[in-house]
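Q: Please take a close look at the sheet in this model. How do its strands pair, and what packs on it?

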Amino acid sequence: MTNQDVVILNVGGQKFTTWPSTLQRFPESRLARMLAGNDDECRLVKGQFFVDRDGVLFSYILDFLRTLQVSLPSDFSDYQRLQREANFYELYSLADLLSQENSLKLKKEILEIRFLLQETQAFFRVFGSCSITIDELAGRIAVFSEQLVGTTWKNHHVPSQKALIPLSLERPSHHDLIFQCGTDRSDQFIARYVSIKPDKRKLINGTNVLGLLVDILCKEGFHLISTRTVSAEEKIECYCFQRTRQPSPLTISTSQTQQGTSVPQSKLIQIAKQK
C-alpha cells in the first residue's frame with residue numbers, strides 16, 4: 001500500500017475511508033501499527049481493515065485524527081466509553097483530553113444587573129460569572145459627560161452639539177463593572193449619556209438604558225430567569241440572566257497540524273481558551 005492509496009476500515013459494521021497518513025498521525029498508536037499488519041485486533045479482510053469495535057464512537061476518533069481537536073455534540077454523554085475506545089487504539093493523548101470531562105460539558109453562565117434609580121440619575125452594576133463576557137460588555141458600553149449651562153432636566157432630553165467627554169467605566173474586579181447616566185447638580189448641571197454597541201444612540205434616561213441592555217443580552221443568548229428587589233429602602237432592582245456557554249474545543253498544542261504530519265504522543269495537551 002502506497003501513501004497515496006486510501007484506506008477503508010470496517011469498524012463494527014460501519015465503513016470509513018481515509019488516508020494512511022491520517023491513521024499514522026500518532027506513529028505509536030494501534031492504528032498506525034495496523035497499516036503495517038502488526039496488530040491482530042485489526043485484520044485485513046477483503047481489502048478492508050476490520051475492527052470489532054464501536055463504529056459510532058470511532059467517527060469521533062477519526063475526526064480527532066483529522067483535526068487534532070475533540071468536537072462532540074452538545075448532548076454527548078459517553079465520555080467514559082469514548083475514553084475507553086481511545087485507550088484501545090492507544091491514542092493516549094485523546095484519552096487524556098477526554099479525562100477532562102468537565103471541560104467538555106456545557107457551562108451555565110450567570111449575569112446579574114443591579115439597577116438603582118434616584119430622581120434624575122440611574123446607577124448600574126453588572127456582575128458576571130465569566131470575566132470574558134464582562135470584558136466584552138465593557139468594550140461595548142461608552143459613557144459620555146456634558147456640562148449643561150442655563151438649562152434643566154425637563155427641557156434637556158438629547159445631547160447638544162457640544163463635544164462630549166468620554167468617561168471610564170469603573171471596574172472593581174474582572175467580574176463586574178459600574179456606570180451611571182442621567183443628570184446631577186453640583187455647580188452646574190452635569191449630564192451623562194450611555195451608548196451600547198451596536199446601538200448608536202446616546203441615552204440619558206436610566207430606564208431606556210436598562211431596556212437596551214436587557215435587549216442586547218437577550219440577543220447574545222441570555223435569558224432572564226429572575227428579578228428581585230435587593231434593597232427596599234434604596235429601591236435597588238436586580239435582574240438575573242443565564243445562558244448556556246458552549247465549551248471550548250480541546251486541542252493538541254502543536255504547530256504540526258498539517259495533513260500527513262505525525263505527532264508524538266509526548267506533545268503537551270491543553271484546553272484551547274474560549275475567545
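A: Two strands count as paired here if DSSP finds at least two bridges between them. The model is a predicted one, and the pairing in it can be followed strand by strand.

The sheet is open and has 4 strands, in the order S2-S1-S4-S3, with mixed pairing. Its edges are strand S2 (14–18) and strand S3 (42–45), each of which pairs on one side only. On average, neighbouring strands of this sheet are turned by 30° against each other, direction ignored.

Helix H3, residues 55–67, packs on the sheet and touches S1 and S2. The direction of H3 makes about 10° with that of S2.

In general, the strands of a sheet pair through backbone hydrogen bonds, and the sense is either parallel or antiparallel. Strand S1 (residues 7–11) and strand S4 (residues 48–51) show the parallel sense, over 3 bridges. Within this pair, Asn-10 has Phe-50 in S4 as its bridge partner, and Val-11 stands opposite Val-51 in S4.

On the other pairing of S4, the sense is antiparallel: S3 and S4 are joined by 4 bridges. One of the residues involved is Val-45, whose bridge partner in S4 is Gln-48. S3 and S4 form a hairpin with 2 residues between the strands. In that hairpin Lys-46 takes a positive phi, near 50°.

Taken from S4, then, the picture is a parallel pairing with S1 and an antiparallel pairing with S3, in a sheet whose pairing is mixed.

Technical notes:
Residues are numbered from 1 along each chain as its sequence is written. This is a predicted model: local features need pLDDT of at least 70, side-chain atom pairs count only at pLDDT 80 or more; totals for chains, interfaces and linings use all residues. Side-chain values use heavy atoms; hydrogens and water are left out. Axes are lines fitted to C-alpha atoms, for helices over the stretch in contact, and angles run from 0 to 180 degrees between N-to-C directions. Contact means heavy atoms within 4.5 Å.
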